[in-house]
Amino acid sequence: MLDLFIIVLAAALVLMLLALTVTAVAAFRFPQATHFVKDLDRRWIFVLMFLAVAIPLLYQLTFPEEPTSLAITVFEEIEKLEPGDKVLMAWDYDPASEGELGPMATAFTFHCATKGLKLYYMTIFSPIGPQMIDDAINNVLKTEFPHYEYGVDYVNLGYKPGYEGVVKVIVSDLKELYTTDHYGTSTRDIPMMKDVRSVQQMDLIVNVSAGYAGTKEWVLFATTPYPENIKMVAGTTGVMAPGMYPYIPDQLLGLLAAIKGAAEYEELVMSAYGSDDLGLAYRKGQLRMGPQLIAHVLIIILIIIANIIYFAEKRRGAA
Amino acid sequence: MKRLVPLWLTAIAGIVMIVSYFIPWAQGLGEVFSIWFDILAGIAFILGGGNLLQIHLKKVSDKGAGWGYSVILLVCFMTTLFVGLGKIGVHPSPQFPDESWSGVYNQSGGPFWFLYEYAFKPLTATMFAMLAFYIASAAFRAFRAKNIEAILLLGTAFIILLGRTYAGVWLTGWISDEGPFRGLRTENLSEYIMQVFNKTGTRAIIIGIALGIASTSLKVILGVDRSYLGSGED
């Protein structure tokens, strides 16, 4: 039943694209075709985009991923760490960007837990951040790493308001602001917090960021003033990524840009530590690259068609 | 007095934060000011909530345009606030079983968790996902190769759009990844654009913004720019 649905959807998408292309080419010969495409109800474009995203999602279309140097750097920085090393997991995103950032957050948690690292989760982005941390804990740590003990191997420090103000304080004194964890337990009573004074004692910061406050604030107020003591890798949304490149490689060691970065990192992690039992749970980034490919191709085709019409009109105007 | 006190507060806070960055003995004071800032940021949530209530209650009472949406907003806001602050349906934490409010507000299975999981999460994800439709529509209607700059932008967009997917790898996969032409493979071109053109352009913008922030901040600290205090007529 599902296969039939997918075939029908795929056929509809191909037919619609074909119709639009023929109309655009016809625009050079028949002016009325130009008007038809120009005045096309935008809801037809919405339908095309819906099909472009839905078909690969339903069909679980995946493509091979060739990791780029930035993803390899992120992977290698975590690989360098020894079991028991401290990693600050700064989860600065919310459900709006979960689709883009969730897969990399899952892969980061899986990779760090596989390495036996101590994970300190916190968020400064939004009061919704702790739920994102809960997702990582429930979906990865509790299912794949049941031996990971709360307070000994990982801790959820929750959300603190103040944006970069929080970073500015915790780089020199973490317990000044974090007197309790997310559940109200005093940080003095949490074993893995006992020998932690500040963020400078973390061996690496892993930041997943959707905006303000996020990667930029960690770079400006943590890694820049303390370049010898604080190292950081990050994963950001596609919109944010271009703004983060200037900080690479000194203030920011590596960057996963959007779902493409997540898919590349997943490939590296799963190649090194994956098994058949894990299924597609840790390849969600790669699964979401299917819709991205079709959607990008659709956008390119739409732009080309629109430009064909533009030039056809221009030519007619000149003639 | 009404304007003088905020002006002095701003000047002192600004100068302390600058001095604490450059002079080691003043770092402690800078930290104290940062903690005050964090406390104020927490209190700002109350201010924000109060402001939201005030605006929408007024809209409902005036029966302004779209007042029905304001009613929905107010009901949702008050329900979430009540359920979250009151920790409704939350079991006490195992550490303090006798304290009824000791459980965490977003406990799995609780009403707040339910509101988050089945209302907030899908709604915000839907809002963000809708961008794809508008991007496609906007690309179709607005992206025209009208001049050289637009052609350059269009070409760059195509390379990045293809380079960020397997389509790019497939299109230029016939170019050897070892030889002198490896830079022409779409994925390498895309990476080159991001690492060189984007990086240099963004750096220039960041430096410009930083200089602008420094100059504006100095104006505010020295009391030259007082626009943040309002017109003073109220």
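User: What makes chain B differ from a compact globule of 234 residues in its radius of gyration?

Analyst: In this predicted model, chain B has a radius of gyration of 27 Å, whereas a compact globule of 234 residues would have one near 17 Å. The C-alpha atoms of chain B fill a box of roughly 70 × 50 × 50 Å along the principal axes. Of the 234 residues of chain B, 12% count as buried, a label that requires 20 or more other C-beta atoms within 10 Å of a residue's own.

User: Which elements make up chain B, and what share of its contacts with a separation of 6 or more comes from residues 24 or more positions apart?

Analyst: Chain B has eight helices and zero strands, so that its elements, read from the N terminus, run α-α-α-α-α-α-α-α. Among the contacts in chain B with a separation of 6 or more, 29% join residues 24 or more positions apart.

User: How many residues does each chain bring to the contact between chain A and chain B, and which element of chain A gives the most?

Analyst: Chain A contributes 52 residues and chain B 49 residues. Several helices of chain A each supply at least two residues to the side that touches chain B, including α3 (42-59), α5 (98-114) and α12 (284-318). The most comes from α12(A), with 14 residues. By class, this side of chain A has 29 nonpolar, 14 polar and nine charged residues.

User: Why is strand β2 of chain A called largely enclosed by the rest of the structure?

Analyst: Strand β2 (residues 118-123) of chain A is described in this way because six of its six residues are buried. Lys118(A), Tyr120(A) and Met122(A) point one way from β2(A), while Leu119(A), Tyr121(A) and Thr123(A) point the other way, and all are buried. Such an arrangement can be set beside the general rule that side chains in a regular strand alternate between the two faces of the sheet.

User: How do you know that β2(A) pairs with β1(A) and with β3(A)?

Analyst: Pairing needs at least two bridges between two strands. Five bridges join β1 (residues 86-92) of chain A to β2(A), in a parallel run, with Met89(A) standing opposite Tyr121(A). The chain crosses from β1(A) through α5(A) to β2(A), and this β-α-β crossover is right-handed. Four bridges join β2(A) to β3 (residues 154-159) of chain A, also parallel, and Val155(A) in β3(A) is the bridge partner of Tyr120(A). The crossover from β2(A) through α6(A) to β3(A) is right-handed. Both bridge counts therefore satisfy the requirement for pairing.

How values were computed:
Residues numbered from 1 in each chain as written. Chains lettered and ligands numbered in written order. Predicted model: local features only at pLDDT ≥ 70, side-chain atom pairs only at ≥ 80, totals over all residues. Contact = placed C-beta atoms within 7 Å. Nonpolar A, V, L, I, M, F, W, Y, C, P; charged D, E, K, R; others polar. Right-handed = clockwise from strand over helix to strand, strands pointing away. Rg over C-alpha atoms; globule rule 2.2 N^0.38 Å.
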